[in-house]
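Welcome, and please open your viewer. This tour suggests what to select at each stop and tells you what is there.

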Amino acid sequence: MEQTSVMWKYIHEEYECLKKLWSYDALNEVAKKIAKQSYRKVFYVASGSSLHVAKVVSDWMERYWQVEVTCMPPFEFMHRYVVQSAVKDTLVIAVSQTGTSRGTLEAIQHAQQFHYPILTLTEAQDTPIAKAGQYYLNFMCGNEDSNAKTKGYSANLVLMQRLILLVSYYSGKMDVHEYETLDQEVKQSVETLPNVIEAATKWVMNHPDWAHITDLTTIGYGSNLATAMEGALKLLETMSITTMFTDIEEFSHGMHRAMHKDSRILLLCSDAEGKEEVKKTAHFLRTVSDYVLLLDASKDAVEEEGTIVIPCLPNTESSLLLVAVIQVLSVAFPELLGKDPNYPYNQIYTELIQTRV
């Protein structure tokens, strides 16, 4: 595989970018400021991949910050009554990798009307969104000139995981032992990342027929339902195909009827409630389709055809490592077909709708 797309460059930059988040002084400073407040609710506003990160980390935030978290795209945020009722002790987190999302900026302006404190996250500091909040954090990943984001997603994910742990520790809601245990697992996921990227790349090279894909279904559960959402989006963006995602329990409520011999089906597995259902479903689907891939990050994962075994990191549900495989698939498949994964299909629509400011 020649790896000509710029997406490969960004994927291979992830390891060095993510390591910087343990020496990012502003992260500690912002965490201490947030820890001093008594927030009881968080409105988490983002679009696309950033919204998927929000959904991955929201359970951690609820568990360790002891707050209620509502994740919403900007348009929904601006039209929900609960937002307009000016909920007390509420923090708004607004995320845009480029810092120029029109919808997210309008959502921030909407939140300002109700005097909500706002934390903004971007990868570009000199942008409207970066300047709009009381608190600000940078992805620390640098520019990513690609339609389909990879290193930005991973940097956003690890940044938020670290922020959640630091705020929990500084606020006294987490003792030092639990903090160090969980932080070490996040660090381990970063250290393991290059090996997972290499394994995924080798798998693609050994299964080039997978690239002839016309539709994709991604299945997940727990925090990795949002990772399945990211998988569906990433392959849609780079392959310009029809995709769908679903929770494992919901798959049997009609979606299973669409599966056929040539369906490409991607199942995400970790050590969380839903593991047995996913493995049982993968076994069944292999009697239906010739293209079923199980990304197995459970402690009892078995190396076999149709399975990529991923290190089991139970507290994070191996979320970073699972998405890394998806990122490799999203750039490798179109390249195998001689296609540009960032070809601007229907790009005029983003200008029509004014996606960026």
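Start by selecting Thr122 and Asn138: in β5, Asn138 is the bridge partner of Thr122. Helix and strand names such as this one follow DSSP runs (H or I of at least four residues for helices, E of at least two for strands), numbered from the N terminus. Before you move on, note that this is a predicted model, in which local features need pLDDT of at least 70 and side-chain atom pairs count only at pLDDT 80 or more, while totals for chains, interfaces and linings use all residues. Residues are numbered from 1 along each chain as its sequence is written, and side-chain values use heavy atoms, with hydrogens and water left out.

**Stop 1: the sheet around β5**

Now show β4 and β5 together. They pair in the parallel sense over four bridges; two strands count as paired if DSSP finds at least two bridges between them. Strands of a sheet pair through backbone hydrogen bonds, either parallel or antiparallel.

Widen the selection to the whole sheet. This open sheet has five strands in the order β2-β1-β3-β4-β5, with parallel pairing. At its edges are β2 (68-72) and β5 (135-138), each of which pairs on one side only. Neighbouring strands are turned by 15° against each other on average, direction ignored. Angles here lie between N-to-C directions and run from 0 to 180 degrees, with axes fitted as lines to C-alpha atoms, for helices over the stretch in contact.

Next, pick β3 (residues 90-95) and β4 (residues 118-122). These two run parallel and are joined by four bridges. Select Val92 and you will find it opposite Ile118 in β4.

Is β5 covered on one face or on both faces? Both are covered: Tyr135 and Leu137 on one side, and Tyr136 and Asn138 on the other, are all buried. Buried means under 20% relative accessible area, exposed means over 50%, and partly exposed lies in between (1.4 Å probe, protein chains only). In a regular strand the side chains alternate between the two faces of the sheet.

**Stop 2: a residue in β1**

Select Lys41, which is in strand β1 (residues 41-45). Lys41 counts as buried because its relative accessibility is 8%. Its contacts (heavy atoms within 4.5 Å) include Val67, Glu68, Val87 and Asp89, not counting residues up to four places away in sequence. Thr70 is also touched by Lys41; these two residues are 29 apart along the chain, and their C-alpha atoms are separated by 8.0 Å.

**Stop 3: helices lying across the sheet**

Show helix α3 (residues 48-65). It lies across β1, β2 and β3, running at about 175° to β2. Then add α7, which lies across β1, β3, β4 and β5 and runs at about 145° to β4.

Within α7, select Asn156. Why does Asn156 count as buried? Because its relative accessibility is 1%. Leaving aside neighbours within four places in sequence, Asn156 is in contact with Ser50, Val53, Val95, Leu121 and Phe139.

Val95 appears again at Thr104, a residue in helix α6 (residues 102-113). Thr104 touches Ser47, Pro74, Ala94, Val95, Ser96 and Ile129, not counting residues up to four places away in sequence. Thr104 counts as buried, because its relative accessibility is 0%. Now select Thr355 as well: Thr104 and Thr355 are 251 residues apart in sequence and 9.7 Å apart in space, C-alpha to C-alpha.

**Stop 4: another helix residue**

Select Tyr15, placed in helix α1 (residues 6-19). Tyr15 touches Val190, Glu191, Leu193 and Pro194, not counting residues up to four places away in sequence. The C-alpha atoms of Tyr15 and Ser154 are separated by 9.4 Å, with their positions 139 residues apart along the chain.

**Stop 5: a second open sheet**

Show β7, β6, β8, β9 and β10. They form an open sheet of five strands in the order β7-β6-β8-β9-β10, with parallel pairing. Its edge strands are β7 (242-247) and β10 (307-309), each pairing on one side only. The twist averages 15° from one strand to the next.

Zoom in on β6 (residues 215-220) and β7, a parallel pair with six bridges. Thr217 stands opposite Met244 in β7.

Finish with two helices. Helix α9 (residues 225-239) lies across β6, β7 and β8 (264-270), at about 180° to β7. Helix α11 (residues 275-285) lies across β6, β8 and β9 (291-297), at about 155° to β8.
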